[in-house]
2 protein chains.
Amino acid sequence: MMRTGLQLASRASRRGPVFARASRTTRSWTCTRSQSTAAATSPEHPPFAASTGSLQLPSTISQVLDRPLQSEVVVHGWIKTLRAQKEHTFVQVSDGTTAQNLQIVVDGPVKGLQTGTALTITGTLQPSPPGLKQSVELHAKPEQVRVVGACDASYPLQKKRHGVDFLREITHLRPRTNTFAAAARVRNDLFFSLHNYFAHHGFLHLHTPILTASDCEGAGETFEILAPTEAGYTNREGPCSDYFGTPRVNLTVSGQLHLEMFAHAHPRVYTFSPSFRAEKTLSTRHLAEFAMLEAEMTFIDDLDTLLDVTTAMVRDAVTTVNPADLELLAQLVPQLASSGSPTRGKVDAAMRAEHVRAAMHRVEQLAGGYAVMTYTEAVQYLATHPRAPKWQYPVRWGADLQAEHEKFLAHQVGRPVYVTHYPRGLKPFYMLVDRVPATVPADVPVDPELKGDFTTVANYDLLVPDLGELLGGSLREHDAGALETAMVRAGLNVAAYQWYLDLRRYGGAPHGGFGLGFDRLVKHVTGLESVRDVVPVPRYYRECRY
Amino acid sequence: MMRTGLQLASRASRRGPVFARASRTTRSWTCTRSQSTAAATSPEHPPFAASTGSLQLPSTISQVLDRPLQSEVVVHGWIKTLRAQKEHTFVQVSDGTTAQNLQIVVDGPVKGLQTGTALTITGTLQPSPPGLKQSVELHAKPEQVRVVGACDASYPLQKKRHGVDFLREITHLRPRTNTFAAAARVRNDLFFSLHNYFAHHGFLHLHTPILTASDCEGAGETFEILAPTEAGYTNREGPCSDYFGTPRVNLTVSGQLHLEMFAHAHPRVYTFSPSFRAEKTLSTRHLAEFAMLEAEMTFIDDLDTLLDVTTAMVRDAVTTVNPADLELLAQLVPQLASSGSPTRGKVDAAMRAEHVRAAMHRVEQLAGGYAVMTYTEAVQYLATHPRAPKWQYPVRWGADLQAEHEKFLAHQVGRPVYVTHYPRGLKPFYMLVDRVPATVPADVPVDPELKGDFTTVANYDLLVPDLGELLGGSLREHDAGALETAMVRAGLNVAAYQWYLDLRRYGGAPHGGFGLGFDRLVKHVTGLESVRDVVPVPRYYRECRY
């Protein structure tokens with residue numbers, strides 16, 4: 001789309017003098033000692049060695065598999081399985097770049113091999129004999145197989161299947177399993193797809209801050225920072241006053257308020273930032289540190305616009321995931337059952353087929369139609385549904401939807417469902433209050449403490465079958481006076497939020513946004529048991545190793 | 001490269017029943033109450049309203065400027081300048097999406113306008129009269145100009161120029177200036193270009209953790225976490241033991257060790273993560289929270305491979321930046337001089353032209369040739385150069401290169417220069433020791449405490465003229481025994497790093513990587529004075545507002 005002037009300039013400089021590839025022994029910076037051909041032939045050239053910038057990374061197995069048959073190739077990877085016969089050694093090698101292992105057929109015995117060993121193999125790509133899973137294999141002689149990283153029998157990831165709980169104990173080794181490698185690739189596909197969606201639609205990416213002085217959320221659920229002082233880590237004024245000049249600094253729980261700063265200068269902004277909650281939970285959907293995607297859009301005053309943005313975004317994301325990885329995961333995940341699980345070690349072909357079907361269904365569901373209902377409609381549905389279970393938490397207008405309600409609702413609807421327009425009392429101060437209160441039908445039970453106040457806000461949550469809440473958002477209050485009233489009502493320290501009011505005082509325009517729990521999306525698409533299994537090095541209650 | 005099966009499935013589902021666009025008043029989830037045409041015509045369909053996912057965001061000015069002349073368009077933005085004549089009102093409107101403001105010509109007076117006001121204007125795109133900067137303008141009638149966010153005369157960003165120090169006091173408003181908006185676009189271009197580089201070369205993106213139990217770096221320069229306990233924020237065991245079960249948790253200073261976990265499962269990995277240092281400095285190159293790009297590659301044993309990766313990466317990144325933004329920045333940055341600066345308010349055409357030339361030169365330099373020299377050569381150069389100044393810190397083999405040395409070196413070389421193979425004693429324990437020690441020429445001064453030990457490591461730093469260090473990396477020790485010896489030598493708690501040794505014990509292969517200070521790259525390319533000016537909401541010594 002752009003940029004001829006500068007690109008031409010830089011291309012010209014790339015076409016310029018070809019620098020000799022520097023090697024340490026010949027490298028030199030004085031003219032007389034230089035071995036560089038560029039320096040020798042071009043007198044005006046500075047007499048230094050040079051970096052060419054011509055990329056020569058070793059091929060990955062994914063790249064090698066794209067080469068034509070009969071090619072001689074060099075392959076690097078780790079041994080997955082090993083089988084020695086009299087005249088041949090069969091080695092399955094993987095490097096995590098593809099769902100397929102590469103079968104190496106060596107025409108003789110090789111010493112020093114072990115599951116987990118790192119190898120560099122030179123060989124020829126050959127068609128596999130018919131009837132095998134793979135279509136291509138690598139043929140090599142014993143002397144073409146070089147051990148570049150030895151492994152011994154104490155390696156914890158031997159061939160036998162491990163439960164997900166055991167693998168959580170060895171976070172540093174679990175990326176080497178086919179399951180966690182595939183999950184990492186799926187996470188990567190979703191990550192790029194989401195970034196591309198925003199780039200494609202002209203959103204500006206922002207690094208919103210991790211450290212924040214905002215006391216917007218309850219103290220019990222935030223982590224606080226200790227900064228070094230002259231005397232050590234504490235002083236009388238407070239743990240951060242010596243460094244930051246402010247007594248309390250927290251880890252961010254949301255970048256929304258900071259996005260709003262920029263949304264008043266650029267109408268489409270987003271961030272994809274770590275966020276933190278100090279909740280003491282071991283639920284499968286919560287982490288102490290998690291990746292949150294948040295976006296903010298200005299000049300919109302219609303909640304449906306936000307719904308359409310998130311529907312298109314999630315659809316786009318899930319349809320770029322590699323189906324080969326999804327199929328592999330669906331095959332492997334059932335075998336990861338925890339050691340205490342009744343299905344542990346009892347996975348049969350029928351279970352695997354059912355898992356594959358369910359995995360594909362989850363993705364197709366996210367790529368398909370999304371339902372929409374108001375909170376009022378949701379409460380009526382839950383209160384009157386003939387198959388509704390006995391609720392642990394009461395269903396009534398004014399009370400929050402609990403996990404049990406969200407789960408039932410999404411399951412009954414059978415596809416992703418947006419629930420919109422919650423009671424004002426359940427939601428943060430910054431959400432835009434709807435002009436018209438909800439009309440609550442007679443068969444909807446109501447919290448008597450509301451005294452007939454059915455004021456709602458222009459918000460929405462997306463509930464997904466078998467997952468629960470994936471994302472949530474709202475229009476924001478853009479009138480400075482109304483916002484200040486809402487702050488006072490919420491008991492906030494209004495003096496500390498003058499900057500947030502300034503955004504409205506000076507050209508504050510209608511705007512809104514949302515936040516998506518990225519780890520939950522990855523968990524749902526991969527089918528892994530917990531968000532703890534889809535984050536490279538997860539942090540949660542009682543876990544901060546490494 | 002992928003994915004016909006699943007994409008077809010999801011495309012098919014998008015071609016499926018077209019759901020009525022949900023609006024709140026007609027939305028309904030029971031069949032009898034439903035206004036949805038889909039529900040009415042397709043009896044098997046769940047009777048909910050639906051989100052269409054058809055994106056209808058309001059156009060940005062960047063999009064509007066691509067529309068043909070005579071189009072009727074709707075424009076949203078904020079007033080930059082305002083000029084009322086007898087029969088016309090001229091309004092410059094901007095929305096931060098392009099280097100160009102849009103000139104609105106209204107054929108009459110409009111009330112309630114003020115610099116900073118948010119407007120929605122309906123009008124017709126017309127060619128501008130010849131001789132003006134812009135080629136297109138928008139013609140509108142007074143009643144087509146709608147104020148969607150008022151602003152008053154207390155707005156701090158009136159037309160007059162502000163110094164960078166004043167703008168740092170209003171972090172929440174400065175994105176609205178042309179300068180900071182352009183810097184945000186440049187940052188965005190660089191961000192995407194770097195991600196694309198890694199995606200294109202098959203790297204896996206990883207979210208490395210922010211919270212870490214690693215005590216790899218000195219306590220004085222890390223931030224520590226306080227987690228909530230039952231009793232509050234402290235207990236006897238330590239500030240984090242109640243939540244994480246470990247007495248001390250820090251904010252990460254580098255994701256390298258965590259990348260290495262995955263580099264032993266996938267040979268190309270990277271992270272683009274916030275990093276933290278509690279240094280008490282107000283230098284133009286340091287922040288307490290900064291964005292660091294780190295990558296790790298396996299199966300490489302040649303430092304030149306790493307140099308080539310980073311050369312190609314930086315070249316790629318800078319050549320995707322929009323030249324229009326660079327030119328605008330070069331025009332505007334000189335006018336941002338701090339209030340104490342001698343050039344404050346004295347910017348003339350010649351100074352501006354010089355700034356534009358210098359800005360283009362900085363980018364062309366990063367897009368051009370990179371020099372390479374060893375640390376030994378660098379010390380010899382600094383010690384023997386006829387134009388070398390009197391050094392504040394001594395130049396001798398065994399002492400680190402200080403900012404004054406790096407600055408002189410890069411300036412003299414006149415292009416980016418890699419300095420490689422530093423003395424072992426200056427670098428962290430994990431760097432690969434070179435097999436052959438350096439040969440130190442007779443004219444190189446030597447630290448006598450080394451007692452002739454010229455052992456070096458396979459590392460490199462990239463020094464850039466007028467910036468200093470931009471990135472640094474190394475090959476890593478991949479032998480478990482040698483790494484353990486290096487840990488003991490460095491005084492580390494070896495028991496806490498068994499997992500890091502495991503990476504080598506079990507198929508540890510030759511590998512290496514680097515880290516790039518992203519904010520420094522943005523500072524250099526934009527020409528802004530400090531990294532504090534290129535981060536949306538910067539955190540540094542004595543600064544953690546918002």
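In chain B of this predicted model, strands β2 and β3 (residues 89-94) run antiparallel to one another, paired over 6 bridges. The two make a hairpin, with 4 residues sitting between them. Further along chain B, β2 (residues 72-84) also pairs with β5 (residues 118-127), again in the antiparallel sense, this time over 7 bridges. A good residue to click on here is B:Trp78: its partner in β3(B) is B:Ser94, and its partner in β5(B) is B:Ala118.

**How far to trust the coordinates**

- The model comes with an ipTM of 0.91 and a pTM of 0.91.
- For chain A, the average pLDDT is 88, and 89% of the residues score at least 70.
- The stretch to watch is residues 1-46 of chain A, where pLDDT stays under 50. Even so, the model gives that stretch 88 contacts beyond four places in sequence.
- Where pLDDT is low, predicted coordinates shouldn't be read in detail.

**Where chain A meets chain B**

- On the chain A side, 186 residues are in contact with chain B, and they touch 186 residues of chain B.
- Interface size is often quoted as the accessible area lost when the parts come together. For chain A and chain B, the buried area comes to about 14700 Å², with 61% of it on carbon and sulfur atoms.
- Looking for polar contacts across this interface turns up 52 residue pairs, both residues at pLDDT 80 or more. As for who lines it, the chain A side that touches chain B is made up of 93 nonpolar, 57 polar and 36 charged residues.
- Salt bridges across the interface of chain A and chain B number 2. B:Asp242 and A:Lys280 form a salt bridge through their side chains, with 3.0 Å from N to O.

**Sheets built from both chains**

- As a reminder, strands in a sheet pair through backbone hydrogen bonds, either parallel or antiparallel.
- One open sheet has 9 strands with mixed pairing, in the order β8(A)-β12(A)-β13(A)-β18(A)-β17(A)-β16(A)-β15(A)-β14(A)-β1(B). At its edges are β8 (204-205) of chain A and β1 of chain B, each pairing on one side only.
- The join between the chains is made by β14 (residues 370-374) of chain A and β1 (residues 49-51) of chain B, which run antiparallel and share 3 bridges. If you want a residue pair to look at, A:Tyr370 faces B:Ser51 in β1(B).
- Within chain A, β14 also pairs with β15 (residues 417-420), in parallel and over 4 bridges. There, A:Met373 sits opposite A:Val419.
- Another open sheet of 9 strands, also with mixed pairing, reads β1(A)-β14(B)-β15(B)-β16(B)-β17(B)-β18(B)-β13(B)-β12(B)-β8(B). Here the edge strands are β1 (49-51) of chain A and β8 (204-205) of chain B, and each has a partner on one side only.
- In chain B, β14 (residues 370-374) runs parallel to β15 (residues 417-420), joined by 4 bridges. The bridge partner of B:Met373 in β15(B) is B:Val419.

**A salt bridge inside chain A**

- Counting over all chains, the whole structure has 30 salt bridges.
- One of them links the side chains of A:Arg476 and A:Glu296, at 2.8 Å from N to O. This pair ties together distant parts of the chain: A:Arg476 belongs to β17 (residues 468-476) and A:Glu296 to β13 (residues 289-298), 180 residues apart.

**Two loop residues to look up**

- A:Ser214 is in the chain A loop between β9 (211-212) and β10 (224-226). Setting aside residues up to four places away in sequence, A:Ser214 touches A:Asn250, A:Tyr497 and, over in the other chain, B:Tyr546.
- From A:Ser214 to A:Pro247 is 33 residues along the chain, with 12 Å between their C-alpha atoms.
- B:Thr281 is in the chain B loop between β12 (268-276) and β13 (289-298). Its side chain reaches the backbone nitrogen of B:Ser283 at 2.9 Å.
- Not counting neighbours within four places in sequence, B:Thr281 is in contact with B:His286 and B:Tyr541. B:Arg542 is 261 residues from B:Thr281 in sequence, yet their C-alpha atoms are 9.6 Å apart in space.

Methods. Residues numbered from 1 in each chain as written. Chains lettered and ligands numbered in written order. Heavy atoms only, no water. Contact = heavy atoms within 4.5 Å. Buried area = accessible area lost by both parts, 1.4 Å probe. Salt bridge = Lys/Arg side-chain N within 4 Å of Asp/Glu carboxyl O. Polar contact = N/O pair within 3.5 Å; in protein donor to acceptor, adjacent residues only side chain to side chain. Nonpolar A, V, L, I, M, F, W, Y, C, P; charged D, E, K, R; others polar. Pairing = 2+ DSSP bridges. pLDDT = per-residue confidence, 0-100.
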